Amino acid sequence: MAENTEAQLTGRDPELADLQDAVANGTTLLLLGEPGTGKTRLLATAADRARAQGHLVLTAQGSEAEAHHSFASLHQLLLPLLHRTATLPAHQRTALDTALGTAPADTPADPMLLRLAVLTLLTEADTETRTRTETETGTRAGATTGVTTTTEAGAETPPAPSTSPRTGLLLTADDVQHFDRDSLDVLAFVLRRTHRIPALLAARGQTPPDGVPADLRTTLLGPLPDQAAADLLDAQPHAPTGRARSELLGQAHGNPLALIELARAARQGVLPGGGLPQTERLQRLYAARLPALPDTTRRLLLYAAASQYEDLVTVMAAAGAGDDLTAWAPAEEAGLVTIADGRVLFRHPLARAGCYQAAPAHRRREAHHDLAAALTDDPSRRAWHLAAACPGRDESVAAALEDTARLAERCGGFHAAARALQRAAECSPAPADRARRYTKALHAATNAADPAWVRELYDQVTALTDDPDVLSVAACGVAMALSLHGHQRQASQILAGALAPTPPTSGMTAFALASVLGAVAYQSGLPEPRRPVAALLAGAGTRDGDTPYAELSSNGSWAAVRATTLAAADPTHAPALLRDIRRPATGPAPADRVADMTWTLGIGGTAWYADESDQCVETFRQAYAGLRAYGAMGPAVPTLTAMAGALLDTGRWAEADEHLERTAALAAVHALRFLRVDVEALRATLRALRGEPAGPGLAWTAVDLDENRATHARLLRAEGAAATAAGDHEGAYRHLRRLFGEDGTPLHYFLSPRSVADLAAAAHRTGRQARTAPVVDAVRTALGPRPTTRTTLLLHHAAALTGPAKDAEHHFRLATVNPAADQWPLARAQARLHYAQWLRRRRRPLDARPLLAVALETFTRLGAAGLADEARVELRASGVGTTPAGGDPLADLTAQQREIVRLAAKGLRNREIAEHLMVSPRTVSSHLYQVYPKLGVSSRNQLRDLVEDL
């Protein structure tokens, strides 16, 4: 039973922990929440676990039918103990028997005697249960280890005390709002008097019901987080996919019961207007309340459920109810809706579905017609209601929905646009129009990051047309969908099929195909998809005239997408490409916000390939803020792991936690398979860098790693980092070495070289320097004659650890002195640590100390506990006993150095500071290099925090 109960507790671990804490500490906890949030399941799970530990669990559940019967709930709670009443004092036993009706009585029971009787009965049962459990535990321990042990001297040692949890009585009471008041009074008295009997209560609503002490510790059950809601939905039998899945998640609002019931209902299909077919339980919970309501109230509820926008004025106007609010009162009293601030709020997601489906089809159609007539000033909502009332095909309705989609898409509302376009296609009389609109819906669903929905729409398009241009647009979307599901080779085949033998006539469509191919090439890490990208983009020409792709409607966005696609195909060109798109774009400003955000995403992506990590982070932040405001992160999906990597590299680990949390939710909601694996790999890497224990095992088989080499590289790096943190340097070397082939060829052309210094460190610790040096040389060759600053520093670091001993210090210096390394604080601190270790082992502790001091400070600031401990040990071994006491960190600097620090903390670059102080940029760089160790910082971001704190 416990296993089945716990199976549905997705996303409720914190609340379950609260319940178990209350049981362990003998306290009372009240669970509050709306119907369907999981209160009953949580109580049942906590009770099952308590029974397994030896608790005697007394349970009661409130019932509306018994709410007016005195002591009905108390009788239910005490039923297992009624055979023990003979042990009570006579006057208490009489009071209890009289109250429960187990003995005849001429007068009511004395309230105080009754309360004392219940308290005595529960206390004695608790004591007996504890004693019995401790005796049984001691007997088992004695049978296992012997009652006593004898030392060599002959002395007897008593057995070790039991470490089992103390057990006793546990009270659980569900639906306390339906307890009769007399039972509640007795229960409240007991809870105030006992301090070791735990009690778990549950009630509907946001506040304790009448009769329950207001000072009880409470836990409020809100909606499930997005990721947990998606996981719970996917755990249901025959869980819906595509549009049905995304709409169901939206309608359920994170309510577990709504997710389960609507998933059952969705097996029958989604109806126009978003209404879902009714289940028996839905009928029992909500629709059964409707017949008792007045006709006018039922009519208003139907119109409110059909509107879906909670607009009170519109609902009442469409229903012809005037402005009299009294008709809503019966619905409010029945707990179906709340009227507040000009809105009609359904109390539960299932209540809306129940009110809508309880009406016959012709009434629902009439409601949508009336709502459309009332919405003359809102063409978008009017079009939807006309579509809901349309039983067949109507071109005027289809055209209105297409206009609605165009407006939504220009503002980033990709999900709304896709829904409108799909419904427009369904309403289109002509097959060609249906195919065209399905294709546009597919494109919008791609931007909404819903690959399952995209694949459903693709099947509709291919069944309706053989037009190569239409099929090419559809191929862009389905290829991206396949890529997000981890099927990179299939995505490449579809793109190749769209480009040959009959390529699309539109240059912009060919451009879009090439951009998707670039994304597939990066995730796959395979050489084949990368080869044709440059030629395809050259053949697509320049952006001229209008385009059906809103995201490419400006020269700037077109240039940014082109740059990031070329960089994905060959990252060695990324720095030059980034310089080109940094310049002011020629031509008009972005035509709409989607193009503007696409431009920003393209700059951020190119900065990622160019190893401009700070710019990558800042640019993606801007783009994500705009996309999140529209609730449409779809265009950003290919960049999310890049952002996470840049945050880790630049030391923004707290922000990385938040970003990975949001990305995990997005990946769960839209079933983005490889993205979920990537998030877990990045989280594992971050845990390892912090020196935290390893989490659950990584999902090595969730996707085909041979065609998802970016994911494979992240998994290997995560395992290598975890092994290093655990001191398993052999394991670290084994995992990191797999990032490169036998001849040193990178597993992933971009990600593998970024781990070359980590591999060299593992090789150095395991004595494999000579075997790893050729890998470092192969990476140097692969990066070309002009590697980025970051990869140059990593190669010097790796060469110092694996190359000839005579060149080690030269490479160490080059890996640590460049101020441009500020934006990668962890890598720079690791290089300083390894350089200092090298110096100390050559009996140069005085040279090692400054490097160790600044490395320790960096690790401490970042939260890299394991590396900080390593640096601290090395610092102590070099002769530094304690860290100097802190005062004003700027006090020991010269006046010029202090001014340079203050200007750098404001965000000025070296050249700007030099112009301000009339010195050379080299002088500024030299001063910053000297003051960073003194201040215990390693980046300008830390300078800003330091100066702000003074």
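The accessible surface of the protein chain comes to about 41,300 Å², and 52% of that surface belongs to carbon and sulfur atoms. Please keep in mind throughout that this is a predicted model. Of the 950 residues in the protein chain, buried residues make up 53%. The chain has 46 helices and nine strands. If we take the contacts between residues at least 6 apart in sequence, 67% of them join residues at least 24 apart.

Let me turn to the interior. In soluble globular proteins, nonpolar side chains tend to be buried together. In this model, the largest nonpolar core has 159 residues. Which residues have the most contacts inside it? They are W608, Y609, Y624, V637, W653 and F859. Helix α22, residues 468–484, supplies the largest share of this core, namely eleven residues. Apart from this core lies another, of 38 residues, and L88, L122, L191 and L216 are among them.

F859 deserves a closer look. Leaving aside its neighbours within four places in sequence, F859 is in contact with L826, A829, Q830, L833, A864, L867, A868 and A871.

I now come to the aromatic rings. How many aromatic pairs does a search of the whole structure find? The search finds nine. In one of them, F511 and W558 are stacked, with 5.2 Å from centre to centre and 25° between the planes. That angle counts as stacked because it is under 30 degrees. F511 belongs to helix α24, residues 507–524, and W558 to helix α27, residues 555–569, so the pair ties together parts that are 47 residues apart in sequence. Are these two residues buried or exposed? F511 is buried, with a relative accessible area of 0%, and W558 is buried as well, at 12%.

Other rings form a group: ring pairs link Y522, W608, Y609 and F750 into a cluster. Two of its members, W608 and Y609, were named earlier for their contacts inside the largest nonpolar core. F750 also has a charged partner, as the charged end of R754 sits over its ring, 3.9 Å from the centre. A similar arrangement involves Y749, where R530 lies over the face of the ring at 3.7 Å from its centre.

Let us return to helix α27, which holds W558. This helix has 15 residues and reaches 21 Å from its first C-alpha to its last, close to the 21 Å expected at 1.5 Å a residue. Helix α27 is mostly covered, with twelve of its 15 residues buried. Among them are G556, W558, V561, T564 and L566. Against which helices do the buried residues of α27 pack? They pack against α24, α25, α26, α28 and α29.

Helix α33, residues 673–690, may be described in the same terms. It has 18 residues and spans 26 Å from its first C-alpha to its last, close to the 26 Å expected at 1.5 Å a residue. Helix α33, too, is mostly covered, as 14 of its 18 residues are buried. It is followed by G691, whose phi is positive, near 80°.

Two further residues may be considered within their helices. S307 is found in helix α12, residues 295–307. S307 is buried, with a relative accessible area of 3%. Not counting residues up to four places away in sequence, S307 touches V315, L371 and H385. T923 is found in helix α45, residues 921–935, and is partly exposed, at 28% relative accessible area. The C-alpha atoms of T923 and N910 are separated by 9.0 Å, and these residues are 13 residues apart along the chain.

Finally, I shall address the backbone in three loops. Where is P501 found? P501 is in the loop between α23 and α24. A cis peptide bond joins A500 to P501, with omega at about 5°.

The other two loops each hold a residue other than glycine with a positive phi. D341, in the loop between β8 and β9, has a phi near 55°. D341 is exposed, with a relative accessible area of 77%. R843, in the loop between α40 and α41, has a phi of about 60°. R843 also counts as exposed, because its relative accessibility is 78% and the cut-off is over 50%.

Conventions:
Residues numbered from 1 in each chain as written. Predicted model: local features only at pLDDT ≥ 70, side-chain atom pairs only at ≥ 80, totals over all residues. Heavy atoms only, no water. Phe/Tyr/Trp six-rings, centres within 6.5 Å; stacked < 30°, edge-to-face > 60°. Helix = DSSP H or I, 4+ residues; strand = E, 2+ residues; numbered from the N terminus. Buried < 20%, exposed > 50% of the residue type's maximum accessible area, 1.4 Å probe, protein only. Lys NZ or Arg CZ within 6 Å of the ring centre and 35° of its normal. Core = buried A, V, L, I, M, F, W, Y, C linked by side-chain atoms within 4.5 Å. Contact = heavy atoms within 4.5 Å. Expected span 1.5 Å × (residues − 1). Areas by Shrake-Rupley, 256 points an atom, 1.4 Å probe, with all protein chains shown as cover.
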